[in-house]
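The exercises that follow are meant to be worked with the sequence and the coordinates open side by side. Each task is followed by a solution that goes step by step.

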Amino acid sequence: MKWSFRLFTFSGTEVRVHVTFLLLLLFVASQSFLSGQGLPAAFESTLFITVMFICVVLHEFGHVMAARGYGIRTPDITLLPIGGVARLERMPRKPSEELVVAISGPMVNVIIAAAIYLVFGISAAINPGYDFLITGHFFQKLMVWNVFMVLFNLIPAFPMDGGRVLRSLFAMFMEYGVATRRAASIGQGIAMMVAIYMLLNHKIDPMILLICFFIFMAAGQEAALVTQQEATKNLRVRDAMLTDYRTLAPDATLRDGVALLLAGTQQDFPVLDAHGGMQGMLTRHDLISTLAEKGPGQPVVDVMRPCPASTQPASELTQALEILNASDCTALPVLDPSSGELVGLLTTENVGEALMVRAALMKLRT
Ligand SMILES: [Zn+2]
């Protein structure tokens, strides 16, 4: 995600924080400082926000660990002001597995809240006037926050965990695409109803309105993604890969890269060794930014990305696209399974073209 940077890496998952989240911390600290409560209050509320987000990270790691149980890796988690986003390599397709992965995040918050309750025996007074950010003991507030996280995440709408729970339950009785579209419409319906209710009652909370808008968009995106996956079903990587592409030798310089970039429409260039083996990928972005810093004489091997992920011509296109989306590179190398030689490149543009061709041919047949 742009505008985010790495905090730490834990067992193969990078925890990143978005700049807007740091702005939130700064805002909270300055608010309590300016309200005349002084430095200790500013410190305590900043500490509380930080601990709140540690709970968010633990929640995300609940998903990460459950997914790992099914052999799915999670390259990174990004902290946003609205919560955390874990980017799974792929979503589990078995409804029961998705259900377990979706429910594992909120379960972490249930455990934290229960642990605080057992250790401190706090009876948190949850009444309409209760504002957990202002009143109450530190751990009491933390317990309420965890209970809130469970309830909020179980709202049955994408991208909340509740949306995934709903989809997995539907998918046990119907086709995956239909289940997704149904779950997405329910989420959009809830978001719209809440927004309309607020407008009719003239009680507009800008934060809730923003969340409604966000849910509405995310639900639509999820449905579109699954529709795309359905379109690529039964297609193999070889049906959609780019076979006419240019490559660079390991002793090439950025000058050679620029020549190739300007000569055609290809944006990313594989760097191959003398035997045709994949060494790395020179992306247009890296080429341009390094060119400005170090000049055209720079060897491409110093600039290329390793791009460790690859696929094979006979692999399923849907799976290959998931690998491509999770990787740092814009093109996925397609390697021959026996020789390990590069035989094609998979890019989203090329897949888009392949799908358009397929749709046109299907129209011709009917
Ligand atoms: Zn979650």
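**Exercise 1. A sheet and its edges**

In which sense do strand 3 and strand 4 pair, and over how many bridges?

Solution. The model is a predicted one, and the pairing is read from its backbone. Strand 3 and strand 4 pair in the antiparallel sense, and five bridges join them. To place one position in this ladder, take L79, which stands opposite G84 in strand 4. Widening the view, one finds an open sheet of four strands in the order 1-2-3-4, whose pairing is mixed. Strand 1 (4-10) and strand 4 (83-87) each have a single partner strand and stand at the edges, so one side of each is left without a neighbour in the sheet. As to the twist, neighbouring strands of this sheet are turned against each other by 25° on average, when direction is ignored.

**Exercise 2. Helix lengths**

Compare the end-to-end distance of helix 3 and of helix 6 with the span expected at 1.5 Å a residue.

Solution. Begin with helix 3 (residues 138-153), whose 16 residues should span 22 Å; the C-alpha atoms at its ends are 22 Å apart, so expectation and model agree. The same step for helix 6, with 26 residues, gives an expected 38 Å, and the helix reaches 38 Å from its first C-alpha to its last. The next step is to ask which parts of these helices are covered. In helix 3, the buried residues are K141, L142, M143, V144, W145, N146, V147, M149 and N153. In helix 6, the buried residues are C212, I215, F216, A219, E222, A223 and V226, and helix 5 is included in what covers them.

**Exercise 3. The largest nonpolar core**

Which residues of the largest nonpolar core touch the most other members, and why does this core lie between two domains?

Solution. The core has 30 residues, of which A157, F158, I215 and A219 touch the most other members. Two or more residues each come from helix 1 (19-69), strand 3 (76-80), helix 2 (95-120), helix 4 (161-171), helix 5 (176-200) and helix 6 (206-231). Helix 1 gives the most, with seven residues. Because domain 1 (1-154) and domain 2 (158-231) both give residues to this core, it lies between them. For a view from one member, consider I215: leaving aside its neighbours within four places in sequence, I215 is in contact with A157, G187 and A191. Another core, of 25 residues, lies apart from the largest one, and V271, L317, C329 and V334 are among its members.

**Exercise 4. Two buried residues**

Why do L99 and T347 count as buried, and which residues is each in contact with once neighbours within four places in sequence are left aside?

Solution. L99 is located in helix 2. The cut-off needed here is 20 or more other C-beta atoms within 10 Å, and L99 counts as buried because it has 20 such neighbours. Its contacts, with the sequence neighbours left aside, are V165 and S168. By contrast with these contacts, P296 is 197 residues from L99 along the chain, and their C-alpha atoms are separated by 52 Å. T347 is located in strand 8 (residues 342-347), and T347 counts as buried because it, too, has 20 C-beta neighbours inside 10 Å. With its sequence neighbours left aside in turn, T347 is in contact with L242, T330 and A331. Between T347 and A184 there are 28 Å, C-alpha to C-alpha, at a distance of 163 residues in sequence.

**Exercise 5. A hairpin**

How many bridges join strand 5 to strand 6, and how many residues lie between these strands?

Solution. Strand 5 (residues 269-272) and strand 6 (residues 278-282) run antiparallel and are joined by four bridges. One of the paired positions is V271, whose bridge partner in strand 6 is G280. The two strands form a hairpin with five residues between them, and in the turn G276 has a positive phi of about 85°.

**Exercise 6. The whole chain**

Into which domains is the protein divided, and what percentage of its residues are buried?

Solution. The division is into domain 1 (1-154), domain 2 (158-231) and domain 3 (237-365), and the centres of domain 2 and domain 3, taken over C-alpha atoms, are separated by 35 Å. Of the 366 residues in the protein, 29% are buried. The protein has eleven helices and eight strands, and its C-alpha atoms fill a box of roughly 70 × 55 × 40 Å along the principal axes.

Key. Residues are numbered from 1 along each chain as its sequence is written. This is a predicted model: local features need pLDDT of at least 70, side-chain atom pairs count only at pLDDT 80 or more; totals for chains, interfaces and linings use all residues. The expected span of a helix is 1.5 Å times one less than its number of residues. A residue is buried if 20 or more other C-beta atoms lie within 10 Å of its own, exposed if 12 or fewer, and partly exposed in between; C-beta atoms are placed from the backbone. A nonpolar core is a set of buried Ala, Val, Leu, Ile, Met, Phe, Trp, Tyr and Cys residues joined through C-beta atoms within 7 Å. Domain bounds come from an automatic or database domain assignment. Two residues are in contact if their C-beta atoms, placed from the backbone, lie within 7 Å. Two strands pair if DSSP finds at least two bridges between them. Axes are lines fitted to C-alpha atoms, for helices over the stretch in contact, and angles run from 0 to 180 degrees between N-to-C directions.
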